[in-house]
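Please open the structure in your viewer and keep the selection panel at hand. The tour below proceeds stop by stop, saying at each one what to select and what is to be found there.

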Amino acid sequence: MNRDYYEILELNRNATDADIKKAYRRLALKFHPCKNKEAGSREIFYQLSEAYDVLSDARKKATYDKFGEEGLKGGIPVECTSSGAWSSKYTYHGIPDKTFKQFFGGDNPFADFYTIESGLQFSSLVVGVEKKQDSPIERDLPLSLDDLFHGCIKKIKISRRVMNEDGETSSIKDKILTIEVKPGWTEGTRIVFTKEGDQGPNCIPADIVFIVREKPHHLFTRQLSDLLYKARISLEMALTGFSVVVETLDDKLLTIPINDIVHQSYKKVLSGEGMPLPQDPTQRGNLILTFDIEFPEKLSAESKQLIKQALNLHYSP
């Protein structure tokens with residue numbers, strides 16, 4: 001019985017080479033025995049592969065178009081070949097997985113399997129070598145302390161290679177990746193966009209990874225979820241007391257009285273005024289005040305004497 005290769009591939013007789021490739025790609029993936037377990041799918045897959053083997057070759061296609069399956073497989077006289085038709089008898093090799101593998105560039109798109117060819121028998125699928133994924137593409141994501149305190153949305157445009165519908169050619173296309181920065185994220189936080197790298201017929205696209213890099217702040221230094229603020233004070237202030245005014249990242253003005261004698265290792269801790277905790281942004285770390293005490297470069301003899309008296313220090317002349 002003569003088969004209609006165009007009908008098998010769901011095409012009309014005016015189909016272009018690109019139409020043939022597109023149809024085979026779609027139907028072969030649909031009826032591949034690795035994916036389709038329904039009765040009859042194996043035979044359909046065989047027919048699809050034979051139809052593509054004929055229609056994708058210009059000489060075989062020319063013979064089939066003019067003489068049909070009988071002329072293709074029975075052979076035609078040489079004097080009839082002026083149109084570029086096939087003059088020898090055509091026999092399909094009988095290994096649909098070979099056709100499938102050649103079409104997809106040597107690798108099965110079902111990454112967990114590969115094919116084994118065995119004579120004229122229908123080849124079987126077995127567990128084999130996985131298709132390899134490209135190495136991750138890592139990029140820094142600079143964020144201000146304000147971004148990490150409040151959270152924000154960052155949109156990043158990337159350009160990547162994308163496979164066209166024919167499964168063989170590719171083009172460069174832009175894509176916008178959206179990152180929702182959560183309050184409290186820390187330096188080194190990794191945001192992964194799975195398989196957003198360049199596409200190719202023989203590889204799994206790489207993951208794109210953005211790594212948080214915290215920009216320096218003009219007032220605060222961060223230690224995990226705590227914020228450190230260093231105030232410069234005079235020796236007089238360290239000894240007699242003072243108040244520190246701090247503008248926080250959430251726009252509050254804090255006035256903190258310091259009544260203790262301040263030394264170089266002295267710290268003032270304000271609970272709940274630091275960074276949001278990554279695991280629970282409703283909770284916050286501490287604001288820690290440290291002090292840089294400025295000593296006078298020189299003192300007069302009279303000033304020294306007054307200080308000694310104030311501190312109740314008595315020295316022998």
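In what order do the three strands of the open sheet lie, and what is their pairing? Keep in mind while looking that the model is predicted. Select β3, β7 and β6: the three strands form an open sheet in the order β3-β7-β6, and the pairing is mixed. At the edges stand β3 (137-143) and β6 (190-193), each with a single partner strand, so that one side of each is left without a neighbour in the sheet. If you look along the sheet, neighbouring strands are turned against each other by 25° on average, with direction ignored.

Stay with β6 and add strand β7 (residues 208-214), which pairs with β6 in the antiparallel sense over four bridges. One bridge to display is that of Phe193, whose partner in β7 is Ile208. Showing the side chains of β6 then separates its two faces, since Ile191 and Phe193 make up the covered face, while Arg190 and Val192 belong to the uncovered one.

Next, select strand β8 (residues 220-223) together with strand β9 (residues 226-234), which pair in the antiparallel sense over four bridges. Gln223 has Asp226 in β9 as its bridge partner. The two strands form a hairpin with two residues between them, and in the turn Leu224 has a positive phi of about 55°. From β9, extend the selection to strand β15 (residues 287-294), with which β9 pairs in the parallel sense over eight bridges; here Ser234 has Glu294 in β15 as its bridge partner.

Now turn to the nonpolar interior. Which residues have the most contacts inside the largest nonpolar core? Select Ile179, Phe210, Val244, Val262, Leu287 and Phe291, which hold that place in a core of 38 residues. Centring the view on Val262 shows contacts with Ile233, Ala238, Phe242, Phe291 and Ile293, once its neighbours within four places in sequence are left aside. A second, separate core has 24 residues, and Leu9, Ala28, Leu48 and Tyr52 are included in it. As a general background to both views, nonpolar side chains in soluble globular proteins tend to be buried together.

The aromatic rings are the next stop, with a count of 11 aromatic pairs. Select Tyr5 and Tyr64, which form a tilted pair with 4.8 Å centre to centre and 45° between the planes. This pair links distant parts of the chain, with Tyr5 in helix α1 (residues 5-8) and Tyr64 in helix α4 (residues 58-74), 59 residues apart. Both Tyr5 and Tyr64 are buried. Move on to Tyr24 and Tyr52, whose rings form a stacked pair with 4.5 Å centre to centre and 20° between the planes. Because Tyr24 lies in helix α2 (residues 17-31) and Tyr52 in helix α3 (residues 41-55), the pair ties together parts that are 28 residues apart in sequence. Tyr24 counts as buried at 0% relative accessibility, and Tyr52 is buried with a relative accessible area of 9%. Returning to Tyr5 and Tyr64, add Tyr6 to the selection, as these three tyrosines form one aromatic cluster.

Two single residues are worth a separate selection. Is Asp147, in helix α6 (residues 145-150), buried or exposed? Asp147 counts as buried, because its relative accessibility is 17% and the cut-off for buried is under 20%. Not counting residues up to four places away in sequence, Asp147 touches Cys152, Lys154 and Val181. Gly75, by contrast, is found in the loop between α4 and α5 (96-103) and is partly exposed, with a relative accessible area of 27%. A distance drawn between the C-alpha atoms of Gly75 and Tyr90, which are 15 residues apart along the chain, reads 7.2 Å.

Finally, colour the model by confidence. The protein averages a pLDDT of 83, and 85% of the residues score at least 70. Over residues 111-129, however, pLDDT stays under 50, although the model has 52 contacts beyond four places in sequence for this stretch. Where pLDDT is low, the predicted coordinates should not be read in detail.

Note on methods. Residues are numbered from 1 along each chain as its sequence is written. This is a predicted model: local features need pLDDT of at least 70, side-chain atom pairs count only at pLDDT 80 or more; totals for chains, interfaces and linings use all residues. Side-chain values use heavy atoms; hydrogens and water are left out. A nonpolar core is a set of buried Ala, Val, Leu, Ile, Met, Phe, Trp, Tyr and Cys residues joined through side-chain atoms within 4.5 Å. Buried means under 20% relative accessible area, exposed over 50%, partly exposed in between (1.4 Å probe, protein chains only). Contact means heavy atoms within 4.5 Å. Rings of Phe, Tyr and Trp (its six-membered ring) pair if their centres lie within 6.5 Å; planes under 30 degrees apart count as stacked, over 60 as edge-to-face and the rest as tilted. Two strands pair if DSSP finds at least two bridges between them. Axes are lines fitted to C-alpha atoms, for helices over the stretch in contact, and angles run from 0 to 180 degrees between N-to-C directions. pLDDT is the predictor's confidence in each residue, from 0 to 100.
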